[in-house]
Every structure is written in structure tokens, then in C-alpha cells.
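Visitor: I'm new to this one, and I'd like to know how the labels get decided. Could you show it to me and let me ask away?

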Amino acid sequence: MATVQPTNRPNTNWPQPTGDLEQASVLELVLMRVRLRARRRAAWLAHLWGSSIGAEFASLEATVQACLDDRDTPEAEQAWFANAEEVEALNVSLGNVEQALAGDAGAALTQLAETFRLSQPEMDLLQACLAPAVDPAIGTVYGYLQHHPDRNYATEPLVARLFDHGRQTMWTPSSPLAGWGFITAGEATAGEPAALVVDPVAVAWIQGELRIDGSLTGLVRMVQPQKPLDSWPLHDAVRLIQRGLARESSVRVVVVGPPSSGRQTFAAAVAAHFGIQAVAVETTEVADAEWPNLFMRAQRLAVLGGFALVWHGSGLSRRWPDYIAPAPIQFVACDVGEVLPQRGQVIDHRIELPGPTLDERRELWKASIPESSAWPRAGFEMLCERYRLSAGEIVSVSNRSPDSAREAGTFARELTRHRLGELARMLDCPFTWDDLVLTEKLRAALEDFAFEARERATFWESPSARRLFPRGTGLVALFSGPPGTGKTMATQVIAADLELDLFRIDLASVVSKYIGETAKHLAQIFARAARMNAVLLFDEADALFSKRTEIKDAHDRYANADTSYLLQLLEEYSGIIILSSNKKQNIDPAFIRRMRYVFEFSRPEAVERRRIWRQVIGELSGPETLSRLEATVEKLATDLDMSGAQIKNAVLGSLFVARRGREPLAMSHLLRGVDRELSKEGRALGARERERLMRDG
């Protein structure tokens with residue numbers, strides 16, 4: 001095949017780099033290097049085409065012929081560079097620039113290569129992509145060198161020839177350069193090389209600026225370190241991280257605790273011990289398809305900035321991609337009971353944050369509400385002892401600017417009362433101790449229970465108490481007795497006295513015929529209630545706390561398993577629980593053994609019935625009516641065996657009977673109310689008994 005010889009000697013009047021290389025920035029040196037290598041490549045092509053370098057393009061015929069003759073080989077080009085006088089000065093300048101880049105001036109590039117383990121071909125590719133990002137005019141040169149003005153971007157074949165890598169593959173989607181997102185490839189049509197583009201984050205970092213990736217906007221934020229609580233296991237976390245770093249491994253500390261428990265603050269305090277900034281990453285709004293890219297870019301931010309990431313949100317259950325090496329120190333803020341997928345080559349340490357101690361709660365309240373120092377001491381102490389709030393919850397309450405300890409307590413209850421959702425219903429607690437009509441013995445026992453409920457926070461702060469009773473910090477009582485004897489009212493009185501919310505567990509929402517669902521609901525109740533300021537009431541508790549039975553089928557086996565699981569939950573719960581039942585004999589003895597208090601509510605005797613009749617009539621009808629009906633009340637209380645609830649309902653019914661007749665309340669009206677209540681039990685008043693009561697009362 002005939003060859004085409006150059007017809008003109010190429011122009012060698014090359015302008016040389018100007019200025020002091022030692023004063024040049026890293027990007028200026030990169031631009032110099034790329035331009036010098038582009039000039040050498042252009043000189044070589046001009047030599048092949050036989051055309052002046054000043055021409056826009058060589059003739060199509062000469063270009064095609066040179067390609068067909070395969071004269072543009074890497075070997076021929078390198079040999080020409082080594083011997084051609086035309087590029088001697090370029091070679092000298094290029095050597096000086098590359099020597100400067102290898103020194104202190106190029107430290108940013110060197111650090112990038114070492115940190116992300118980028119090979120020399122990858123670094124050459126990165127610099128080739130950096131140049132047009134910094135100076136778009138370079139794109140025109142790239143178009144010229146690729147024989148097409150529209151190819152004004154870096155491509156793998158172009159960079160390979162510019163940087164003396166021949167036809168070597170320099171970039172793959174699995175390479176570190178691509179894996180870390182420093183270079184991305186655009187879509188290419190058939191026969192066209194893909195356009196390679198540098199990420200703006202890399203450009204900014206090489207210039208000395210740490211830029212937050214656009215895809216991370218709104219998902220990351222700095223976590224400022226604050227004074228940690230003394231009870232936090234800060235030194236344990238530091239020691240575990242140091243041990244992992246000594247093995248040159250990445251360490252992931254899983255910080256376990258409920259929301260607002262200070263997990264991110266704890267992570268920031270640990271990170272500060274190592275002299276690094278903690279950065280929180282929210283995962284809730286990240287779609288599964290976006291997760292790998294977000295994970296990579298967050299890790300890249302951590303590595304470039306020397307940060308410790310604190311992952312949080314509801315998207316933590318996704319697996320960490322294996323192809324991205326995580327930053328050395330990571331934290332994950334998890335809820336209690338949450339389990340994370342394992343990550344290879346990462347050492348996991350799980351640390352559970354304890355809630356603030358009583359002393360810590362005092363200090364947190366004082367720091368969050370300085371005005372609290374002027375509050376009455378008794379009210380402030382009650383606030384600290386009664387409401388087991390986390391640090392974040394105390395701050396939330398303080399943001400509402402309560403003007404008293406009582407109002408702060410109200411805000412504290414409002415903060416948590418929604419957590420049980422449809423699993424429970426909050427009961428109003430309008431009653432006081434004066435509303436309870438009980439025997440002196442039962443009244444005293446209930447007051448003992450309420451006293452322990454108030455004082456328990458201080459008692460369980462004692463290390464000796466916790467050592468002797470490691471699993472028994474909760475307070476559980478059983479209220480047993482016939483219907484209408486005041487069990488629920490007593491619970492309401494105690495909750496009101498403690499200034500705590502009262503939640504009645506909805507057994508219809510808890511008990512399920514489907515295997516495993518009951519246990520799941522129970523776990524949710526106890527986990528959520530542990531973060532509330534409330535008393536739990538299990539009404540008709542025998543339906544849930546029933547005796548375990550002999551196993552005859554799978555249903556029995558799972559029912560017994562639910563009972564055993566409930567025993568475990570009850571034993572580990574640290575709050576206040578009251579069980580109410582009309583059928584104590586049906587409750588599993590194992591539950592009763594775990595209860596601190598068991599109260600027997602009996603039907604009222606005549607003296608208690610008299611107090612109830614007087615109390616209800618006097619409050620609903622006034623003292624004058626009560627005085628007029630003293631003999632009637634005495635007769636009803638003495639002769640009729642009724643529960644407190646029956647008496648209340650009877651009075652209520654009689655009042656409406658009297659109002660309908662536009663008559664003052666009298667025995668006839670009361671007897672109609674009584675008859676209505678007793679008929680529910682199948683023991684309505686007989687005619688003779690009615691006549692006797694009317695005559696004597």
C-alpha cells in the first residue's frame with residue numbers, strides 16, 4: 001500500500017509555560033501538564049498529516065490514509081517524541097511541570113491517590129477530566145485531537161494517548177475512580193467513546209474546598225459536640241474504637257436508644273475525642289434505588305473531610321455496599337431492638353445508652369430552663385423524679401417555656417402520650433382520694449402503693465438496690481374483685497395523684513388469632529410505654545394473663561409461648577402497671593408471684609354503701625336534697641347489697657326520672673333507679689320489698 005509522506009514541516013513555534021512553577025497552584029499545574037501533552041499529541045498528528053498545526057484540520061484524505069496505514073501507533077508516537085527536535089522543548093517543560101506536581105504543589109492529588117488507592121493511569125484520567133472542567137477552552141483542543149469538533153470532552157482512548165498509555169484500558173465502572181464517583185461516563189452512541197466527566201466535588205476538593213454533594217443536600221448536617229452525660233459509656237466506646245483502628249479496620253459503633261436519647265450527641269462526643277467532626281446522615285427519605293449512590297457519596301464526604309458519619313432514620317436496615325470501603329469511624333443511631341445487617345471488613349460494637357440518672361435530669365432541667373431555680377423546690381424535685389425524660393425530651397419541653405414545674409410536667413406527658421397509638425386508650429383521671437370509698441385497710445395499702453410509685457425513682461438510683469434487684473425495677477399490682485367495686489376508679493386516683501397519664505390497654509387490638517401477632521403487639525406496647533410517662537392498665541387482665549394449659553395442639557403451644565413471653569416483658573419493664581380482674585383464680589400464678597402488690601376489692605358493707613349514697617346524691621343534687629333524704633339513704637344503704645358502681649348508676653337514673661316528672665328527688669325515683677340496676681343481675685325488687693322501703697324510707 002502506498003504511504004502518504006508529509007508535504008509540509010509542521011510549525012514548531014510553541015509557546016512555553018510561563019511563570020514560576022513553584023508558585024503555581026495544583027490546578028494550574030494540571031492545566032499546564034494537559035496542555036503540554038496535548039501540544040505534543042497535536043505535533044505528532046501534524047507530522048503524520050503533513051499539515052501546518054495552524055490549519056483547522058488536516059485534509060480528510062491524508063487523515064484517512066494515515067489511519068489506514070496504521071502509522072498513528074503508540075510505539076511510533078513515543079519514538080518520535082524521544083527523537084524529534086520539534087518537541088524537545090515541550091519535553092523539558094513537561095518534565096518540569098510533572099516534577100512540580102510530584103512535589104508539595106501537587107500534594108492534594110497525591111493525597112487523593114493514596115486515600116482512594118488510585119493508580120497512575122487513573123490519576124492521569126482524572127487530570128485529563130479536570131482540565132476542561134477548570135478551563136472549558138480545553139474542550140476545543142480535545143475535539144481537534146479526536147478528529148471531530150463535537151467530541152470536546154475527555155474519552156478513554158484520547159487520555160490513553162495523551163499520557164503515554166497506548167491503548168491500555170484506564171477506566172472501568174468497577175475501578176476506584178468510578179466506584180467513588182470522581183469520574184462518570186455519559187451515554188454513548190454506537191461506535192462513539194463515552195464522555196468522561198469529573199465530579200465537581202473532586203474539583204472543589206483539589207482546590208482546597210470541601211463541597212457538600214448535591215445529592216446529600218438536606219440529608220446531612222454537622223452534629224456539634226456537647227457535654228456528654230456522666231452515665232454515658234463514653235470511655236468504653238473510645239477504647240473499642242482505638243482497638244479497631246489499631247488493627248487498621250473500620251469501626252462501626254451501633255448506638256442503641258430511643259429517639260431523643262442523645263445518640264447523635266454521644267457519637268459527636270466520641271468523635272471529638274479523636275479530633276474529628278461528626279456528620280449525621282438521614283436515611284428515612286432515601287429510596288432503595290438511590291441507596292448505593294447515597295452511601296458512596298456520604299462515605300466519600302467522610303473520607304475527604306475527615307468526618308465520622310452518624311447514620312440515623314428508618315432506612316438503616318439496608319445492607320452497606322461491599323465495594324465501598326467505609327470511613328474509619330462510623331456510628332449508627334438505632335432504636336432498641338433494631339438489628340442491622342452485617343458488613344464485611346467492618347468491626348461492629350453495640351453500645352446501649354442508659355437514660356439520664358436523677359442527678360443528670362436535675363442538671364438538664366436547670367441548664368434548659370434557668371428560671372427553674374426559682375420554682376418551689378418540692379415541685380421541681382417531683383418533676384425530676386416523676387418524669388423519666390431523655391435529654392432531648394427535656395430540651396423539647398423547655399422550648400415551650402413552661403412557667404412552673406407542674407406545667408413542665410404537663411408538657412412532658414403531652415410529649416409522649418401518642419406513642420401507644422391504637423393499642424391503648426388514655427383515660428381521664430378526675431377522681432381524688434376523697435372519691436374512693438374503701439375499707440381502711442385497703443385504703444392504706446393503696447396509699448403504700450402510691451407512695452412507692454412516687455419514691456421509686458430515687459430508690460432505684462442506689463447501686464445496691466440495682467445489684468440486688470437487677471430485673472425487678474418495675475412496679476406491678478393486681479386489683480382483684482367483683483365488678484363495680486372501684487378497681488378502675490382506684491387506678492384513676494393513683495394516676496392523678498402521681499400526675500401521670502393512664503392508658504387502658506385495648507385487649508381487642510392486642511390479642512390475635514394469628515400466630516405470633518399477640519407477642520408482636522405486646523412487644524410494641526412495652527417498648528413504647530418504656531419511653532412514656534404513664535401508668536398502664538390491663539383491664540380484664542385474666543383474658544391475657546391466663547394460666548398456661550396442657551398442650552393438646554399447636555394453638556395451646558403458641559398460647560403458652562405468648563404467656564411466657566408476657567412474663568418476660570413484665571419482668572423487664574421498669575414502669576408502673578396495674579392489672580384489673582374479676583377472676584383472679586384464672587390468672588397464671590407466675591404472674592402473681594411477680595407482682596409487688598395484690599389488692600382485693602370486695603363489695604361494700606353498709607357503712608361504705610352509706611358513704612357512697614351520700615357522696616353521689618350530695619354532689620349531684622346538692623346538700624339540701626341530701627339532708628331531706630337522710631332517712632332514705634340510711635334505709636337503702638342498710639337493706640340493699642349493691643356495689644359502688646351500681647349505686648352511682650342508680651342515682652344517675654333516678655335523677656332523670658325525677659327531672660322527667662318535674663319532681664324533687666324522692667325514694668320512688670331512687671327505687672326505680674335501683675330496680676333498673678338490680679335487674680341486670682336478675683334480682684329486681686319485689687313488690688313487698690318495694691312497699692317496705694317506701695314505707696320505712
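Guide: Let's start with the second largest pocket of this predicted model. Its lining has 15 nonpolar, 13 polar and eleven charged residues.

Visitor: Which residues of that lining lie nearest the centre of the second largest pocket?

Guide: Out of 39 lining residues, Gly486, Met489, Gly644, Ala645 and Lys648 lie nearest the centre. Set against the classes, Met and Ala count as nonpolar, Lys as charged and Gly as polar. The pocket's volume is about 910 Å³.

Visitor: Which elements give two or more residues to that lining?

Guide: Those are α20 (487–498), β13, α25 (606–621) and α28 (644–660). The largest share, six residues, comes from α25.

Visitor: There's a loop after β13. What makes asparagine 582 there count as partly exposed?

Guide: Asparagine 582 lies between β13 (576–581) and α24 (589–593). Buried means under 20% and exposed means over 50%, with partly exposed in between. Asparagine 582 has 40% relative accessibility, so it counts as partly exposed. The C-alpha atom of asparagine 582 is also 6.4 Å from that of proline 483, though the two are 99 residues apart along the chain.

Visitor: What about arginine 247: why is it called exposed?

Guide: Its relative accessible area is 62%, and the label needs over 50%, so arginine 247 is exposed. You'll find arginine 247 in the loop between α11 (234–246) and β4. Arginine 247 and isoleucine 347 are 100 residues apart in sequence and 10.0 Å apart in space, C-alpha to C-alpha.

Visitor: Now for closed spaces. How many cavities of 30 Å³ or more does a search of the whole structure find?

Guide: The search finds one. About 50 Å³ of space lies in the largest cavity. A cavity gets its name because a 1.4 Å probe fits there but cannot get out.

Visitor: Which residues line the largest cavity?

Guide: Arg252, Thr283, Trp291, Trp311, Gly315, Leu316, Trp320, Val332, Leu340 and Pro341 do. By class, that lining divides into seven nonpolar, two polar and one charged. Arg counts as charged, while Gly counts as polar.

Visitor: What sits over the ring of tryptophan 320?

Guide: The charged end of arginine 252 does, 4.6 Å from the ring's centre. The distance limit for this label is 6 Å. Elsewhere, arginine 400 lies over the face of phenylalanine 411, at 3.8 Å from the ring centre.

Visitor: How many aromatic pairs are there by the rule?

Guide: The count comes to 19. Tryptophan 291 and tryptophan 311 form one of them.

Visitor: And why is the pair of tryptophan 291 and tryptophan 311 called edge-to-face?

Guide: The centres are 5.5 Å apart, and a pair needs them within 6.5 Å; the planes stand at 65 degrees, and over 60 counts as edge-to-face, so the label follows. Tryptophan 291 lies in helix α13 (residues 291–305) and tryptophan 311 in strand β6 (residues 308–312), so the pair ties together parts that are 20 residues apart in sequence.

Visitor: Are tryptophan 291 and tryptophan 311 buried or exposed?

Guide: Tryptophan 291 has 5% relative accessibility and so counts as buried, the cut-off being under 20%. Tryptophan 311 is buried too, at 1%.

Visitor: What makes tyrosine 597 and phenylalanine 599 a stacked pair?

Guide: Their planes are 10 degrees apart, and under 30 degrees counts as stacked, so the label fits. The centres lie 5.6 Å apart. Both tyrosine 597 and phenylalanine 599 are buried. Tyr597 and Phe599 also belong to one aromatic cluster with Phe449, Phe479 and Phe601.

Visitor: How many disulfides does the rule give?

Guide: Zero. A disulfide would need a pair of cysteine sulfur atoms within 2.5 Å. As for individual cysteines, cysteine 334 has a relative accessible area of 0%, so it is buried. Cysteine 429 reaches 22% and so is partly exposed, since buried means under 20%.

Visitor: One last thing: what is the phi of arginine 117?

Guide: The phi is positive, about 55 degrees, although arginine 117 is not a glycine. Arginine 117 is in the loop between α5 (107–116) and α6 (120–134). At 72% relative accessibility, against a cut-off of over 50%, arginine 117 counts as exposed.

Notes:
Residues are numbered from 1 along each chain as its sequence is written. This is a predicted model: local features need pLDDT of at least 70, side-chain atom pairs count only at pLDDT 80 or more; totals for chains, interfaces and linings use all residues. Side-chain values use heavy atoms; hydrogens and water are left out. Buried means under 20% relative accessible area, exposed over 50%, partly exposed in between (1.4 Å probe, protein chains only). On a 1 Å grid over the protein atoms alone, a cavity is a set of points where a 1.4 Å probe fits but cannot get out, and a pocket is an open set with protein on both sides within 12 Å along at least five of seven lines; lining residues have an atom within 4 Å of a point. Grid points are joined across faces, edges and corners, and a volume is the space filled by probe spheres set on the points. Rings of Phe, Tyr and Trp (its six-membered ring) pair if their centres lie within 6.5 Å; planes under 30 degrees apart count as stacked, over 60 as edge-to-face and the rest as tilted. Helices (H or I, at least four residues) and strands (E, at least two) are DSSP runs, numbered from the N terminus. A charge sits over a ring if NZ of Lys or CZ of Arg is within 6 Å of the ring centre and within 35 degrees of the ring normal.
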